Amino acid sequence: MPITKRCLMLCLSIAFLLTGCSSPSHKEPPSKKGTRDNTPYVLQPQASGEKTIGNSKITFDLSHSEDGYTMVEYHGHNSKVKVRIQNPDSQEFYTYDIHEGYNTFPLTGGSGSYTFIAYENISGTKYSQLFLKEENIQIQNDYISYLYPNQYVSFDKNTQAISLAQEIVVGANNDLEAVSYVYDYVIEHISYDDEKATLAKEGKMAGYLPDVDETLQTKTGICFDYAALMATMLRTQNIPTRMELGYVTMEDETIYHAWISVYIHDIGWIDDLIHFDGKNWSMMDPTLISDGHNSSKVRSLIKDQKNYTTKYLY
């Protein structure tokens, strides 16, 4: 099924308004080797220079855009540079901060005409346009982008979460079992970081990016960390995984949140499924399940797609 077009407005901070999480009890996955190949599958973006756009200060490398990503490097001296990417047939933008070296950004709007813009900071929150160009891009399928790392789901061959995922899914006989084992591990071993959440709510974590190995080491995180960790583990098991940002309605409250969806070959995108109870799976959302002790009430909330509004895909 085609990827739905999503957008990200230019902003300097994101608030994550979530309640705390606790660790429910779950059955450990079997240690006996399953029939599924659990060899790590680690794709690495490349800026090969075969096709680029930009100017003397910034380079957008589109050499492998058919794989659903672009790599961007800033060559100037401004410490605050932003990139905006407008998806095909969208009026809105994904907006990113540029860091030293090449930055990898996903192209989440499918095939079509993308607009690439770069800005340099003038003062405060004011920016001047450095570069703008439209490019027609053909992406090979609707899941390839979600196998690669990017700025939000960041990993390489040395990331510890990759070898851990290999161990966790060793008993899986298929991709759905592998997803279930990774999911159970995350909600059992990672607790919600109330201090970090408070800082984010107060706007003190502008530009925050998840570090999946740090999440494993501290065994704590906010929704962003949960989603990035699961996405890393599953992508490196050759299971395309979208990290989604948007809004969740819980009774009378709407919160900004992060969750994931997966692509299973021969099935397609599973947007509202995660944990199989013998008849049904529930929404791919490890934070809320952990917070709710895996209760039937929370699982019912999570399984109902009407409670979720996806805004951004990474």
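Look first at Asp193 and the residues it touches: setting aside neighbours within four places in sequence, Asp193 is in contact with Thr220, Gly221 and Ile222. Keep in mind as you explore that this is a predicted model. Asp193 sits in the loop that joins strand S9 (191-192) to helix H3 (194-201).

What about its charge? Asp193 is buried but has no salt bridge. The nearest side chain of opposite charge belongs to Lys196, 4.7 Å away, and a salt bridge would need the charged atoms to be within 4 Å, so this pair does not count as one. Lys196 does meet Asp193 in another way: a polar atom of the Asp193 side chain lies 2.9 Å from the backbone nitrogen of Lys196.

Now turn to the aromatic residues. The chain has 15 aromatic pairs. In one of them, Tyr96 and Phe105, the ring centres are 4.3 Å apart and the planes meet at 20°, so the pair is stacked. Tyr96 is buried, with a relative accessible area of 2%, and Phe105 is buried too, at 0%. Both belong to one aromatic cluster, together with Tyr94, Tyr152, Tyr208, Phe224 and Tyr314.

Finally, step back to the whole protein chain. You can trace seven helices and 14 strands along it. Of its 314 residues, 56% are buried. Among contacts with a separation of 6 or more, 67% link residues 24 or more positions apart. On the outside, the accessible surface comes to about 13900 Å², and carbon and sulfur atoms account for 46% of that area.

How values were computed
Residues numbered from 1 in each chain as written. Predicted model: local features only at pLDDT ≥ 70, side-chain atom pairs only at ≥ 80, totals over all residues. Heavy atoms only, no water. Helix = DSSP H or I, 4+ residues; strand = E, 2+ residues; numbered from the N terminus. Buried < 20%, exposed > 50% of the residue type's maximum accessible area, 1.4 Å probe, protein only. Contact = heavy atoms within 4.5 Å. Areas by Shrake-Rupley, 256 points an atom, 1.4 Å probe, with all protein chains shown as cover. Lys, Arg positive; Asp, Glu negative; His and termini not counted. Polar contact = N/O pair within 3.5 Å; in protein donor to acceptor, adjacent residues only side chain to side chain. Phe/Tyr/Trp six-rings, centres within 6.5 Å; stacked < 30°, edge-to-face > 60°.
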